[in-house]
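Trainee: I should like to learn how the contacts and helices of a protein–DNA model are read. May we work through one example?

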Protein chains: 2
Amino acid sequence: MRDEARRNYCDDAMNISQAAVRSGLPPKTIRYYEDIGLVDPALRRDNGYRDYGSRDVHLLRFLHRARNLGFTVADCRALLSLYTDRKRRSADVKEIALNRIADIDRKIGELGEMRTVLATLADKCHGDERPDCPILDEFAAGQE
Amino acid sequence: MRDEARRNYCDDAMNISQAAVRSGLPPKTIRYYEDIGLVDPALRRDNGYRDYGSRDVHLLRFLHRARNLGFTVADCRALLSLYTDRKRRSADVKEIALNRIADIDRKIGELGEMRTVLATLADKCHGDERPDCPILDEFAAGQE
DNA sequence: GTAATCCTTCCAGTAACTGGAAGGTCAAGC
DNA sequence: GCTTGACCTTCCAGTTACTGGAAGGATTAC
(Lines give C-alpha, C1' and ligand atoms only; values in the text may rest on other atoms or scores of the structure.)
Protein backbone atom coordinates (compact mmCIF):
# COMPACT_ATOMS: atom_id res chain seq x y z
CA MET A 1 0.00 0.00 0.00
CA ARG A 2 1.51 3.29 -1.01
CA ASP A 3 1.98 6.11 1.39
CA GLU A 4 -0.54 8.52 0.01
CA ALA A 5 -2.99 5.62 -0.20
CA ARG A 6 -2.59 5.20 3.54
CA ARG A 7 -3.43 8.83 4.15
CA ASN A 8 -6.30 9.47 1.82
CA TYR A 9 -7.31 5.93 1.21
CA CYS A 10 -10.73 6.45 -0.27
CA ASP A 11 -9.88 8.76 -3.11
CA ASP A 12 -7.31 10.59 -5.11
CA ALA A 13 -4.57 12.12 -3.03
CA MET A 14 -2.99 15.18 -4.52
CA ASN A 15 -0.47 17.84 -3.75
CA ILE A 16 -1.16 21.51 -3.39
CA SER A 17 -1.10 22.55 -7.02
CA GLN A 18 -3.73 19.95 -7.93
CA ALA A 19 -5.86 21.05 -4.98
CA ALA A 20 -5.40 24.60 -6.25
CA VAL A 21 -6.67 23.71 -9.71
CA ARG A 22 -9.66 21.83 -8.35
CA SER A 23 -10.63 24.41 -5.76
CA GLY A 24 -9.91 27.49 -7.81
CA LEU A 25 -7.68 28.95 -5.10
CA PRO A 26 -3.98 29.61 -5.75
CA PRO A 27 -1.52 27.47 -3.74
CA LYS A 28 -0.34 30.59 -1.93
CA THR A 29 -3.85 31.29 -0.78
CA ILE A 30 -4.38 27.73 0.40
CA ARG A 31 -1.24 27.91 2.52
CA TYR A 32 -2.35 31.29 3.76
CA TYR A 33 -5.72 29.88 4.84
CA GLU A 34 -3.90 27.17 6.71
CA ASP A 35 -1.64 29.78 8.30
CA ILE A 36 -4.51 31.80 9.66
CA GLY A 37 -6.35 28.71 10.78
CA LEU A 38 -9.24 29.08 8.37
CA VAL A 39 -8.70 25.45 7.37
CA ASP A 40 -7.07 22.69 9.38
CA PRO A 41 -3.39 21.99 8.62
CA ALA A 42 -3.15 19.63 5.68
CA LEU A 43 -1.85 16.12 6.12
CA ARG A 44 1.79 15.74 5.13
CA ARG A 45 3.52 13.09 3.13
CA ASP A 46 6.88 11.72 4.20
CA ASN A 47 8.65 14.27 2.06
CA GLY A 48 6.87 17.11 3.82
CA TYR A 49 4.53 17.90 0.94
CA ARG A 50 0.96 18.75 1.82
CA ASP A 51 -1.49 16.05 0.86
CA TYR A 52 -5.07 16.80 -0.07
CA GLY A 53 -8.10 14.61 -0.58
CA SER A 54 -11.41 15.44 -2.19
CA ARG A 55 -12.94 16.40 1.14
CA ASP A 56 -10.27 19.08 1.54
CA VAL A 57 -10.92 20.29 -1.97
CA HIS A 58 -14.58 20.43 -1.09
CA LEU A 59 -13.92 22.88 1.73
CA LEU A 60 -11.48 24.92 -0.31
CA ARG A 61 -14.00 25.24 -3.10
CA PHE A 62 -16.59 26.27 -0.56
CA LEU A 63 -14.24 29.03 0.59
CA HIS A 64 -13.47 30.08 -2.95
CA ARG A 65 -17.14 30.53 -3.78
CA ALA A 66 -17.99 32.28 -0.55
CA ARG A 67 -15.12 34.74 -0.98
CA ASN A 68 -16.23 35.36 -4.56
CA LEU A 69 -19.65 36.25 -3.22
CA GLY A 70 -18.08 38.93 -1.11
CA PHE A 71 -18.04 37.18 2.24
CA THR A 72 -15.08 38.24 4.36
CA VAL A 73 -12.70 35.67 5.77
CA ALA A 74 -14.38 36.23 9.12
CA ASP A 75 -17.73 35.46 7.47
CA CYS A 76 -16.21 32.33 6.00
CA ARG A 77 -14.98 31.25 9.39
CA ALA A 78 -18.50 31.60 10.72
CA LEU A 79 -19.99 29.84 7.72
CA LEU A 80 -17.52 26.99 7.98
CA SER A 81 -18.20 26.48 11.64
CA LEU A 82 -21.89 26.40 10.87
CA TYR A 83 -21.20 24.15 7.93
CA THR A 84 -19.38 21.59 10.00
CA ASP A 85 -21.70 21.99 12.97
CA ARG A 86 -24.34 19.33 12.80
CA LYS A 87 -26.55 21.27 15.19
CA ARG A 88 -26.37 24.63 13.41
CA ARG A 89 -29.48 26.73 13.02
CA SER A 90 -30.21 27.58 9.41
CA ALA A 91 -31.40 30.94 10.75
CA ASP A 92 -27.80 31.79 11.63
CA VAL A 93 -26.62 31.15 8.11
CA LYS A 94 -29.54 33.05 6.67
CA GLU A 95 -28.74 36.03 8.85
CA ILE A 96 -25.21 36.19 7.53
CA ALA A 97 -26.49 36.02 3.97
CA LEU A 98 -29.09 38.72 4.58
CA ASN A 99 -26.48 41.00 6.08
CA ARG A 100 -24.39 40.57 2.97
CA ILE A 101 -27.40 41.38 0.80
CA ALA A 102 -27.95 44.56 2.79
CA ASP A 103 -24.29 45.50 2.27
CA ILE A 104 -24.63 44.90 -1.43
CA ASP A 105 -27.80 46.97 -1.67
CA ARG A 106 -26.16 49.85 0.09
CA LYS A 107 -23.18 49.72 -2.24
CA ILE A 108 -25.35 49.49 -5.33
CA GLY A 109 -27.36 52.47 -4.14
CA GLU A 110 -24.24 54.56 -3.59
CA LEU A 111 -22.79 53.60 -6.94
CA GLY A 112 -26.08 54.44 -8.61
CA GLU A 113 -26.03 57.92 -7.10
CA MET A 114 -22.49 58.51 -8.24
CA ARG A 115 -23.32 57.24 -11.67
CA THR A 116 -26.21 59.67 -11.97
CA VAL A 117 -24.03 62.59 -10.96
CA LEU A 118 -21.21 61.65 -13.31
CA ALA A 119 -23.52 60.87 -16.23
CA THR A 120 -25.32 64.18 -15.88
CA LEU A 121 -22.06 66.08 -15.74
CA ALA A 122 -20.42 64.17 -18.57
CA ASP A 123 -23.48 64.87 -20.66
CA LYS A 124 -23.23 68.60 -20.02
CA CYS A 125 -19.48 68.64 -20.69
CA HIS A 126 -18.67 69.59 -24.27
CA GLY A 127 -15.47 67.53 -24.14
CA ASP A 128 -13.22 69.57 -26.38
CA GLU A 129 -9.94 71.48 -26.15
CA ARG A 130 -11.26 74.25 -23.98
CA PRO A 131 -10.61 74.13 -20.24
CA ASP A 132 -14.19 74.94 -19.27
CA CYS A 133 -15.60 71.84 -17.68
CA PRO A 134 -18.92 71.46 -15.89
CA ILE A 135 -17.62 68.31 -14.21
CA LEU A 136 -14.87 70.08 -12.35
CA ASP A 137 -17.07 73.13 -11.81
CA GLU A 138 -19.42 70.86 -9.96
CA PHE A 139 -16.64 69.49 -7.79
CA ALA A 140 -15.63 73.03 -6.92
CA ALA A 141 -19.11 74.32 -6.25
CA GLY A 142 -22.12 73.04 -4.38
CA GLN A 143 -20.02 72.04 -1.43
CA GLU A 144 -21.64 73.04 1.79
CA MET B 1 -3.97 91.00 11.64
CA ARG B 2 -4.04 87.69 13.37
CA ASP B 3 -1.86 84.81 12.24
CA GLU B 4 -4.54 82.49 10.97
CA ALA B 5 -6.09 85.51 9.27
CA ARG B 6 -2.85 85.98 7.36
CA ARG B 7 -2.93 82.41 6.19
CA ASN B 8 -6.54 81.85 5.33
CA TYR B 9 -7.64 85.43 5.14
CA CYS B 10 -10.95 84.99 3.36
CA ASP B 11 -12.66 82.54 5.61
CA ASP B 12 -12.66 80.49 8.72
CA ALA B 13 -9.35 78.87 9.57
CA MET B 14 -9.59 75.61 11.42
CA ASN B 15 -7.47 72.82 12.74
CA ILE B 16 -7.54 69.26 11.63
CA SER B 17 -10.42 67.97 13.70
CA GLN B 18 -12.74 70.69 12.37
CA ALA B 19 -11.60 69.94 8.83
CA ALA B 20 -12.30 66.30 9.61
CA VAL B 21 -15.86 67.01 10.71
CA ARG B 22 -16.56 69.19 7.70
CA SER B 23 -15.00 66.87 5.14
CA GLY B 24 -16.16 63.61 6.63
CA LEU B 25 -12.63 62.21 6.66
CA PRO B 26 -10.97 61.23 9.96
CA PRO B 27 -7.93 63.32 10.96
CA LYS B 28 -5.73 60.25 10.55
CA THR B 29 -6.85 59.90 6.97
CA ILE B 30 -6.27 63.56 6.20
CA ARG B 31 -2.69 63.27 7.48
CA TYR B 32 -2.31 60.09 5.51
CA TYR B 33 -3.44 61.80 2.31
CA GLU B 34 -0.89 64.50 2.96
CA ASP B 35 1.76 61.82 3.59
CA ILE B 36 1.20 60.11 0.28
CA GLY B 37 0.99 63.41 -1.56
CA LEU B 38 -2.66 63.14 -2.50
CA VAL B 39 -3.19 66.61 -1.10
CA ASP B 40 -0.64 69.38 -0.69
CA PRO B 41 0.88 69.72 2.76
CA ALA B 42 -1.39 71.85 4.89
CA LEU B 43 -0.32 75.29 6.02
CA ARG B 44 1.02 75.33 9.55
CA ARG B 45 0.39 77.74 12.37
CA ASP B 46 3.23 78.91 14.55
CA ASN B 47 2.55 76.10 16.97
CA GLY B 48 2.96 73.50 14.25
CA TYR B 49 -0.73 72.70 14.00
CA ARG B 50 -2.11 72.18 10.51
CA ASP B 51 -4.35 75.00 9.37
CA TYR B 52 -7.23 74.42 6.98
CA GLY B 53 -9.48 76.79 5.07
CA SER B 54 -12.73 76.11 3.30
CA ARG B 55 -10.94 75.49 0.02
CA ASP B 56 -9.01 72.66 1.63
CA VAL B 57 -12.22 71.29 3.06
CA HIS B 58 -13.70 71.40 -0.46
CA LEU B 59 -10.97 69.15 -1.74
CA LEU B 60 -11.13 66.82 1.23
CA ARG B 61 -14.89 66.52 0.86
CA PHE B 62 -14.46 65.69 -2.78
CA LEU B 63 -11.96 62.99 -1.89
CA HIS B 64 -14.30 61.63 0.73
CA ARG B 65 -17.13 61.36 -1.78
CA ALA B 66 -14.99 59.85 -4.50
CA ARG B 67 -13.41 57.28 -2.18
CA ASN B 68 -16.80 56.33 -0.76
CA LEU B 69 -17.98 55.60 -4.24
CA GLY B 70 -15.20 53.24 -5.07
CA PHE B 71 -12.69 55.48 -6.79
CA THR B 72 -9.16 54.42 -5.93
CA VAL B 73 -6.65 56.86 -4.54
CA ALA B 74 -4.98 56.76 -7.96
CA ASP B 75 -8.27 57.81 -9.60
CA CYS B 76 -8.56 60.64 -7.14
CA ARG B 77 -5.06 61.77 -7.95
CA ALA B 78 -5.93 61.98 -11.64
CA LEU B 79 -9.15 63.86 -11.00
CA LEU B 80 -7.48 66.27 -8.64
CA SER B 81 -4.66 67.02 -11.03
CA LEU B 82 -7.16 67.89 -13.73
CA TYR B 83 -9.09 69.89 -11.21
CA THR B 84 -6.14 72.11 -10.41
CA ASP B 85 -4.81 72.31 -13.98
CA ARG B 86 -5.93 75.56 -15.52
CA LYS B 87 -4.99 74.40 -19.01
CA ARG B 88 -6.75 71.08 -18.89
CA ARG B 89 -8.83 69.96 -21.81
CA SER B 90 -12.38 69.34 -20.80
CA ALA B 91 -12.20 66.27 -23.02
CA ASP B 92 -9.63 64.74 -20.64
CA VAL B 93 -11.89 65.20 -17.69
CA LYS B 94 -14.82 63.86 -19.62
CA GLU B 95 -12.85 60.77 -20.55
CA ILE B 96 -12.03 60.02 -16.95
CA ALA B 97 -15.64 60.53 -16.00
CA LEU B 98 -16.82 58.21 -18.76
CA ASN B 99 -14.29 55.57 -17.72
CA ARG B 100 -15.51 55.80 -14.15
CA ILE B 101 -19.08 55.43 -15.34
CA ALA B 102 -18.07 52.25 -17.14
CA ASP B 103 -16.34 51.04 -13.97
CA ILE B 104 -19.41 51.80 -11.95
CA ASP B 105 -21.64 49.93 -14.37
CA ARG B 106 -19.36 46.93 -14.18
CA LYS B 107 -19.31 47.01 -10.39
CA ILE B 108 -23.06 47.40 -10.21
CA GLY B 109 -23.38 44.42 -12.53
CA GLU B 110 -21.11 42.25 -10.40
CA LEU B 111 -22.84 43.23 -7.20
CA GLY B 112 -26.19 42.57 -8.83
CA GLU B 113 -25.12 39.06 -9.72
CA MET B 114 -23.93 38.40 -6.19
CA ARG B 115 -27.16 39.76 -4.87
CA THR B 116 -29.24 37.52 -7.10
CA VAL B 117 -27.40 34.41 -5.98
CA LEU B 118 -27.60 35.33 -2.32
CA ALA B 119 -31.23 36.42 -2.46
CA THR B 120 -32.26 33.20 -4.19
CA LEU B 121 -30.47 31.14 -1.58
CA ALA B 122 -31.72 33.15 1.36
CA ASP B 123 -35.22 32.91 -0.01
CA LYS B 124 -35.05 29.14 -0.20
CA CYS B 125 -33.66 28.93 3.31
CA HIS B 126 -36.40 28.53 5.90
CA GLY B 127 -34.22 30.17 8.52
CA ASP B 128 -35.32 28.31 11.60
CA GLU B 129 -33.84 26.04 14.24
CA ARG B 130 -33.33 23.10 11.93
CA PRO B 131 -29.87 22.48 10.51
CA ASP B 132 -31.00 22.03 6.89
CA CYS B 133 -29.75 25.01 4.94
CA PRO B 134 -29.91 25.53 1.18
CA ILE B 135 -27.25 28.22 1.41
CA LEU B 136 -24.65 25.85 2.79
CA ASP B 137 -25.92 23.06 0.55
CA GLU B 138 -25.29 25.26 -2.43
CA PHE B 139 -21.79 26.10 -1.29
CA ALA B 140 -21.09 22.43 -0.75
CA ALA B 141 -22.64 21.12 -3.95
CA GLY B 142 -21.96 21.67 -7.60
CA GLN B 143 -18.34 20.83 -7.09
CA GLU B 144 -16.12 19.98 -9.99
C1' DG C 1 23.24 13.54 -14.83
C1' DT C 2 21.06 17.52 -15.06
C1' DA C 3 17.42 20.70 -16.04
C1' DA C 4 12.90 21.89 -15.14
C1' DT C 5 9.36 21.89 -12.18
C1' DC C 6 7.53 20.99 -8.20
C1' DC C 7 7.45 21.60 -2.97
C1' DT C 8 8.81 23.85 1.55
C1' DT C 9 9.51 28.09 4.72
C1' DC C 10 10.10 32.75 5.63
C1' DC C 11 10.32 37.62 4.75
C1' DA C 12 8.46 41.75 2.40
C1' DG C 13 5.14 44.37 0.12
C1' DT C 14 0.43 45.81 -1.51
C1' DA C 15 -3.97 49.28 -0.54
C1' DA C 16 -5.77 52.40 2.33
C1' DC C 17 -6.05 53.16 6.24
C1' DT C 18 -6.25 52.64 11.72
C1' DG C 19 -4.50 52.36 16.44
C1' DG C 20 -1.37 53.50 19.86
C1' DA C 21 2.68 55.48 22.17
C1' DA C 22 5.37 59.51 23.39
C1' DG C 23 5.36 64.07 23.83
C1' DG C 24 4.08 69.22 22.91
C1' DT C 25 -0.04 72.83 23.14
C1' DC C 26 -4.14 75.07 24.45
C1' DA C 27 -8.50 76.56 26.88
C1' DA C 28 -11.19 76.23 31.04
C1' DG C 29 -11.82 76.09 35.84
C1' DC C 30 -10.26 76.92 40.57
C1' DG D 1 -0.59 80.15 38.56
C1' DC D 2 -1.68 75.47 38.12
C1' DT D 3 -3.86 71.47 36.82
C1' DT D 4 -6.84 68.77 33.90
C1' DG D 5 -8.34 67.21 29.73
C1' DA D 6 -8.73 67.64 25.03
C1' DC D 7 -6.30 68.83 21.41
C1' DC D 8 -2.14 68.53 18.25
C1' DT D 9 2.39 66.45 16.47
C1' DT D 10 5.39 62.34 14.71
C1' DC D 11 6.48 57.70 14.18
C1' DC D 12 5.87 52.82 14.31
C1' DA D 13 2.96 48.79 14.14
C1' DG D 14 -1.16 46.35 12.80
C1' DT D 15 -5.12 45.49 9.78
C1' DT D 16 -7.28 42.53 5.46
C1' DA D 17 -6.52 39.20 2.24
C1' DC D 18 -3.53 38.11 -0.10
C1' DT D 19 0.85 38.14 -3.54
C1' DG D 20 5.75 37.99 -4.84
C1' DG D 21 10.18 36.44 -4.24
C1' DA D 22 14.30 34.25 -2.28
C1' DA D 23 16.60 30.14 -0.51
C1' DG D 24 16.77 25.50 -0.51
C1' DG D 25 15.04 20.48 -0.83
C1' DA D 26 12.28 16.81 -3.78
C1' DT D 27 10.58 14.88 -7.92
C1' DT D 28 10.19 14.10 -12.72
C1' DA D 29 11.51 14.01 -17.59
C1' DC D 30 14.92 13.26 -20.99
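Mentor: Let us begin with a phosphate contact in this predicted model. A side-chain N or O atom of B:Asn47 is 2.8 Å from a phosphate oxygen of DNA strand C.

Trainee: Which side chains of chain A have a polar atom by a phosphate oxygen of DNA strand C?

Mentor: Among them are A:Arg50, with an N or O atom at 2.8 Å, and A:Asn15, with a polar atom at 3.0 Å.

Trainee: How is the wider surroundings of DNA strand C to be described?

Mentor: One may start with the residues, then turn to the strand's own atoms. There are 19 residues around DNA strand C, and those that come nearest are A:Arg31, A:Arg50, B:Lys28, B:Tyr33 and B:Arg67. A:Arg50 is thus among the nearest residues and also has the phosphate contact at 2.8 Å. Of the atoms of DNA strand C within 4 Å of the protein, 67% belong to sugar or phosphate, and bases supply the rest.

Trainee: How many residues of each class make up the surface near DNA strand C?

Mentor: That surface comprises seven nonpolar, six polar and six charged residues.

Trainee: Which helices supply at least two residues each to the surface near DNA strand C?

Mentor: They are α2 (16-23) and α3 (27-35) of chain A, along with α3 (27-35) of chain B. The most comes from α3(B), which gives four residues.

Trainee: May we apply the reading to the other strand? Which residues are the closest to DNA strand D?

Mentor: DNA strand D is surrounded by 19 residues, with A:Lys28, A:Tyr32, A:Tyr33, A:Arg67 and B:Arg31 the closest. For this surface, α3 of chain A and both α2 (16-23) and α3 of chain B each supply at least two residues. Here α3(A) gives the most, namely four residues.

Trainee: Which atoms of DNA strand D do the polar side chains approach?

Mentor: Both base and backbone atoms should be inspected. A polar side-chain atom of A:Tyr49 lies 3.1 Å from a base nitrogen of DNA strand D. Phosphate oxygens of DNA strand D lie 2.8 Å from a side-chain N or O atom of B:Ser17 and 3.0 Å from one of B:Arg44.

Trainee: How does one read the sides of a helix?

Mentor: The general idea is that an α-helix has 3.6 residues a turn, so residues three or four places apart point the same way. In α3(B), the buried residues are B:Ile30, B:Tyr33 and B:Glu34. They cover an arc of only 100° around the axis, and therefore sit on the same side of α3(B). The face turned away from that buried side carries the exposed residues B:Lys28 and B:Asp35.

Trainee: What covers the buried residues of α3(B)?

Mentor: The cover includes α2, β1 (43-44), β2 (50-51) and α4 (54-68) of chain B. Just after α3(B), B:Gly37 has a positive phi of about 75°.

Trainee: Which residues of α2(A) are buried?

Mentor: In α2(A), the buried residues are A:Ile16, A:Ala19, A:Ala20 and A:Ser23. Their arc around the axis is only 105°, which places them on the same side of α2(A). Included in what covers them are α3, β2 (50-51) and α4 (54-68) of chain A. After α2(A) comes A:Gly24, with a positive phi near 90°.

Terms used: Residues are numbered from 1 along each chain as its sequence is written. Chains are lettered from A and ligands numbered from 1 in the order in which they are written. This is a predicted model: local features need pLDDT of at least 70, side-chain atom pairs count only at pLDDT 80 or more; totals for chains, interfaces and linings use all residues. Side-chain values use heavy atoms; hydrogens and water are left out. A residue is near a molecule or strand if one of its heavy atoms lies within 4 Å of it. A polar contact is a pair of N or O atoms within 3.5 Å; within protein, one must be able to donate a hydrogen and the other to accept it, and residues adjacent in sequence count only if both atoms are side-chain atoms. Ala, Val, Leu, Ile, Met, Phe, Trp, Tyr, Cys and Pro count as nonpolar, Asp, Glu, Lys and Arg as charged, and the others, Gly among them, as polar. Buried means under 20% relative accessible area, exposed over 50%, partly exposed in between (1.4 Å probe, protein chains only). The arc is that of the directions from the helix axis to the C-beta atoms. Contact means heavy atoms within 4.5 Å.
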